[in-house]
Amino acid sequence: MNWIYEPWPWYVAGPLIALVMFLLLLIGKQFGMSSPLRTTCAAIGAGKAADFFKFDWKAERWNLMVVLGAVIGGYIASNYMSDNTVEINPEVAQQLAADYQIESAGTSYMPPELFSLEALSNPFVIGVLLVGGFLVGFGARYAGGCTSGHAISGLSNLQLPSLIAVVGFFIGGLVMVHFLYPLIF
Amino acid sequence: MRYITYLAVGVFFGIVMFKSEAASWFRIYEMFQFGSFHMYGIIGSALVLGILGIQLFKIKNVKAVGGNNLKLQPKDKGIARYLIGGIIFGLGWALAGACPGPMYVLAGAGYAPILIVIVGALLGTFVYGLLRSKLPH
């Protein structure tokens, strides 16, 4: 039963993600995890402010069910299927500790320096999380999809726009980690 | 009944994301440091299988339940929106250490601060909706 508690290797996880995409296609839907953000905006009345949110969001309620499922999945996995630690490359872990005083690699799933209730007493941390989320939401909608919609669904369907978007994802991520992290943290 | 199916697919996805550590901030940081093959392996193997599966679906003309065509619409053409939007997304992905799928998973796992990231993502989506007509696409 160890496989339940141990982290699943990439060659198990990748095919299972492809399976999620196939399942959604076979039940007549498309795999994409950022569209529910737009659906949610529409559902809470954003259509009054912008036409972009004037659509039949009730027809998209299915993707809110997938999101609710993901929340439940996260609860089940973290409480019953995991010791909630993540081992990363020791060199990266050392560098994180030396450069950014993030010393929890190997002992936690998320760095408590950013993702604990105590950390939220620091307005800087709140700002980082808020701006990070904002860029994700804005960028995903601007690019018409996120990691699941473009990097998995779009690329699987050999879509050139998805390739451009994924190249953009990595340009942005690399710039952030290599050039902006030292300025921000 | 159909809603139970969507819920079940979501639960399965959530477990895979958490158990593969793709939802961990550390794995995202490590990926952008090229510190491990793990994340590239996840995305790469999903992709290889995804390409093969979709080609097979097309060759065999597989239909969705109910007899409808699979939702495989081609993406709109363009470069600017995908490149600029993609870069903005990537900046946020690395800054928050989470993309949309894992956000929901982490909320379920009990990491309360992720709710701020989710609020940020909703705000970002909303502001894009406001500015849409003024942005190059």
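Which residues line the second largest pocket? Chain A supplies Ile27(A), Gly28(A) and Lys29(A). Chain B supplies Arg2(B), Thr5(B), Tyr6(B), Ala64(B), Val65(B), Asn68(B), Asn69(B) and Lys71(B). The volume of this second largest pocket is about 200 Å³. Sorted by class, its lining holds four nonpolar, four polar and three charged residues. The model is predicted.

## Chain A in outline

Chain A has nine helices and zero strands. Along the sequence the pattern reads α-α-α-α-α-α-α-α-α. The C-alpha atoms of chain A fill a box of roughly 50 × 45 × 35 Å along the principal axes.

Two loop residues of chain A deserve a look. Asn84(A) is not a glycine, yet it has a positive phi of about 55°. Asn84(A) sits in the loop between H4 and helix H5 (90-100) of chain A. Leu158(A), also a residue other than glycine, has a positive phi near 55°. Leu158(A) belongs to the loop between H8 and H9 of chain A.

## The largest pocket

The largest pocket holds about 830 Å³ of space. Its lining counts 30 residues. Closest to the centre are Gln30(A), Ser35(A), Arg141(A), Gly144(A) and Lys75(B). Both chains thus appear in that short list.

Which helices each supply at least two residues of this lining? In chain A they are helix H3 (35-43), helix H4 (61-80), helix H7 (123-143) and helix H8 (147-156). In chain B it is helix H4 (80-96). By class the lining has eight nonpolar, 13 polar and nine charged residues.

## Cavities

The structure holds four cavities of 30 Å³ or more. The largest cavity has a volume of about 200 Å³. It is lined by 18 residues, and those closest to its centre are Thr147(A), Ser148(A), Ile152(A), Met17(B) and Cys99(B). Two or more lining residues come from each of H8 of chain A and helix H1 (2-19), helix H3 (38-59) and H5 of chain B. H8(A) gives the largest share, four residues. The class split is 15 nonpolar, three polar and no charged residues.

The second largest cavity holds about 80 Å³ of space. Its lining has 13 residues. Nearest the centre lie Gln30(A), Ser153(A), Asn157(A), Lys71(B) and Leu72(B). Helix H2 (10-26) and H8 of chain A are the elements that give two or more residues to this lining. The class split here is five nonpolar, six polar and two charged residues.

Some names recur. Gln30(A) is among the residues closest to the centre of the largest pocket, and Gln30(A) is also listed nearest the centre of the second largest cavity. Lys71(B) lines the second largest pocket and is listed nearest the centre of the second largest cavity.

The linings by class are set out here.

| Space | Volume | Lining by class |
|---|---|---|
| Largest pocket | about 830 Å³ | eight nonpolar, 13 polar, nine charged residues |
| Second largest pocket | about 200 Å³ | four nonpolar, four polar, three charged residues |
| Largest cavity | about 200 Å³ | 15 nonpolar, three polar, no charged residues |
| Second largest cavity | about 80 Å³ | five nonpolar, six polar, two charged residues |

## Helix packing

H8(A) also packs against helix H9 (residues 160-184) of chain A. The angle is about 135°, and the axes are 9 Å apart. How are the two helices set to each other? At that angle H8(A) and H9(A) are therefore oblique to each other. Their crossing is left-handed. From H8(A), the contact uses Thr147(A), His150(A), Ala151(A), Gly154(A) and Leu155(A). From H9(A), it uses Ser162(A), Leu163(A), Ala165(A), Val166(A) and Phe169(A). This contact has six nonpolar, four polar and no charged residues. Thr147(A) is in this contact and is also listed closest to the centre of the largest cavity.

In chain B, helix H5 (residues 100-109) and helix H6 (residues 114-131) cross at roughly 145°. Their axes come within 9 Å. The crossing of H5(B) and H6(B) is left-handed. H5(B) brings Met103(B), Leu106(B) and Ala107(B) to the contact. H6(B) brings Ile114(B), Leu115(B), Val117(B), Ile118(B) and Ala121(B). By class, this contact has eight nonpolar, no polar and no charged residues.

Methods:
Residues are numbered from 1 along each chain as its sequence is written. Chains are lettered from A and ligands numbered from 1 in the order in which they are written. This is a predicted model: local features need pLDDT of at least 70, side-chain atom pairs count only at pLDDT 80 or more; totals for chains, interfaces and linings use all residues. Side-chain values use heavy atoms; hydrogens and water are left out. On a 1 Å grid over the protein atoms alone, a cavity is a set of points where a 1.4 Å probe fits but cannot get out, and a pocket is an open set with protein on both sides within 12 Å along at least five of seven lines; lining residues have an atom within 4 Å of a point. Grid points are joined across faces, edges and corners, and a volume is the space filled by probe spheres set on the points. Ala, Val, Leu, Ile, Met, Phe, Trp, Tyr, Cys and Pro count as nonpolar, Asp, Glu, Lys and Arg as charged, and the others, Gly among them, as polar. Axes are lines fitted to C-alpha atoms, for helices over the stretch in contact, and angles run from 0 to 180 degrees between N-to-C directions. Angles under 35 degrees count as roughly parallel, over 145 as roughly antiparallel, 65 to 115 as roughly perpendicular and the rest as oblique. A crossing is left-handed if the near helix is turned anticlockwise from the far one by less than a right angle, and right-handed if clockwise. Contact means heavy atoms within 4.5 Å.
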